[in-house]
Amino acid sequence: MDQPTVGILHPGSMGAAVAACAATNAAEILWCAAGRSPASAARATQFGLTPVATLSELLDRSDIVISLCPPAAAEDLARDVAGHRFAGVYVEANAINPERAQRIVALLPEATVVDGGVVGSPPVGGKTPTLYLSGPVDATARVGALFANTAVQAAVLGTDVGKASALKLSYASFQKASRVLAALAVGMAREHGVDQELIEVASRRTDSYLSEPQYVAKTAARAWRWGPELEEAAHALAAAGLPPEMLRAAASTLARWHEAKDDSELTLTDALDRLAQP
């Protein structure tokens, strides 16, 4: 297969590093300098990307375009690309929900859209993120080939656009929300002078709850007790001048399991089904 020319929109910390990995198997990696910040230009130079003056030039020269931008801008960027009648492979690799990924397919009728989601840190300093892909078979294979033998591991999830986005957001929702919860917990503990003791208690357990899905059913059975505890914790956060809304939302979620009180026979499937019912 001939080495394609690749365009990256836009070279942020993740996009520039991912694009640099793709350079291993590409003829050239282009980025559009118009309207970009000095920091973007510095990153592009650092990673050896080739600047072009306009988006039109980038799209005219690119066989594959990778969109890695702030999530809110994903559809506007796709519209800009559509305005130039781009007809190559468009990799929608932003952290957006599956419905938005499907809308972007509709926005780019002349392009072949591949849904993507990067899980992990930027591929620098020994980091090896995974780029999950879903979409047309030939296109996902072509994108995957860009990252062969690089620090980015490509994995194809199937042909349905939205699967890669769903996996990315499923993982991110836990990882990022758990970091916020950690900040709130430490903040509450610090207010009462027990933050070091909290860290000591937490250090005794290093496993991730996300790797223990069987515990969901136990959570459901205990929700009738845990919900009020979180309401109390929310009150303590508010008293410490910290935002209580996240714990109140968690308590509201637990309320959906109220009828599962102490049900030792509850299965994971039962618990998830109940959680999906208002």
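**Figure 1. Overall view of the predicted model.** Of the protein's 278 residues, 38% count as buried. The model is a predicted one, and its secondary structure comprises eleven helices and eight strands. The C-alpha trace spans about 60 × 40 × 35 Å along its principal axes. Of the contacts between residues at least 6 apart in sequence, 61% join residues at least 24 apart.

**Figure 2. Close-up of Ser165 in helix H7.** Helix H7 covers residues 163-191, and Ser165 belongs to it. The relative accessible area of Ser165 is 0%; the cut-off for a buried residue is under 20%, so Ser165 is buried. Its side chain is joined to that of Asp115 by a polar contact of 2.6 Å. Leaving aside residues up to four places away in sequence, Ser165 touches Asn94, Ile96, Asn97, Pro98, Ala101, Asp115 and Gly116. Asp115 is thus listed among the residues that Ser165 touches and is also its partner in the polar contact.

**Figure 3. The buried and exposed residues of helix H6.** Helix H6 is formed by residues 137-146, and its buried residues are Ala139, Thr140, Val143, Gly144 and Leu146. Viewed down the axis of H6, these buried residues fall within an arc of 145 degrees, and so they line one face of the helix. In an α-helix there are 3.6 residues a turn, so residues three or four places apart point the same way. The exposed residues Val137 and Asp138 are carried on the face of H6 turned away from the buried side.

**Figure 4. The largest pocket and its lining.** This pocket has a volume of about 2100 Å³. Its lining is made up of 41 residues, and those nearest the pocket centre are Phe174, Ala177, Ser178, Leu181 and Tyr209. Four helices each supply at least two lining residues: H7, H8 (195-202), H9 (215-239) and H10 (245-254). H7 gives the most, with 13 residues. Sorted by class, the lining of the largest pocket holds 28 nonpolar, eight polar and five charged residues.

**Figure 5. The second largest pocket and its lining.** About 280 Å³ of space lies in the second largest pocket. It is lined by 18 residues, of which Met14, Leu68, Cys69, Pro70 and Asn94 are the closest to its centre. Helix H1 (13-22) and helix H2 (38-46) are the elements that give two or more residues to this lining. H1 supplies the largest share, three residues. The lining of the second largest pocket comprises nine nonpolar, six polar and three charged residues. Asn94, listed here among the residues closest to the pocket centre, is also one of the residues touched by Ser165 in Figure 2.

**Figure 6. The cis peptide bond between Leu9 and His10.** The bond from Leu9 to His10 is cis, and its omega is near -5 degrees. Most peptide bonds are trans, and most residues other than glycine have a negative phi. His10 is placed in the loop between strand S1 (5-9) and H1. H1 is also the helix that gives three residues to the lining of the second largest pocket.

**Figure 7. Positive phi at Arg85 and Asp262.** Arg85, a residue other than glycine, has a positive phi, near 55 degrees. It is located in the loop between helix H4 (74-82) and strand S5 (89-92). The relative accessible area of Arg85 is 59%; the cut-off for an exposed residue is over 50%, so Arg85 is exposed. Phi of Asp262 is likewise positive and near 55 degrees, again in a residue other than glycine. Asp262 is part of the loop between H10 and helix H11 (268-275). With a relative accessible area of 48%, Asp262 is partly exposed.

**Figure 8. Val194 in the loop between H7 and H8.** Val194 lies in the loop that runs between these two helices. Its relative accessibility is 39%, and Val194 therefore counts as partly exposed. Val194 and Arg222 are 28 residues apart along the chain, and their C-alpha atoms are separated by 26 Å. H7 and H8, on either side of this loop, both supply residues to the lining of the largest pocket shown in Figure 4.

Conventions: Residues are numbered from 1 along each chain as its sequence is written. This is a predicted model: local features need pLDDT of at least 70, side-chain atom pairs count only at pLDDT 80 or more; totals for chains, interfaces and linings use all residues. Side-chain values use heavy atoms; hydrogens and water are left out. Buried means under 20% relative accessible area, exposed over 50%, partly exposed in between (1.4 Å probe, protein chains only). The arc is that of the directions from the helix axis to the C-beta atoms. A polar contact is a pair of N or O atoms within 3.5 Å; within protein, one must be able to donate a hydrogen and the other to accept it, and residues adjacent in sequence count only if both atoms are side-chain atoms. Contact means heavy atoms within 4.5 Å. On a 1 Å grid over the protein atoms alone, a cavity is a set of points where a 1.4 Å probe fits but cannot get out, and a pocket is an open set with protein on both sides within 12 Å along at least five of seven lines; lining residues have an atom within 4 Å of a point. Grid points are joined across faces, edges and corners, and a volume is the space filled by probe spheres set on the points. Ala, Val, Leu, Ile, Met, Phe, Trp, Tyr, Cys and Pro count as nonpolar, Asp, Glu, Lys and Arg as charged, and the others, Gly among them, as polar.
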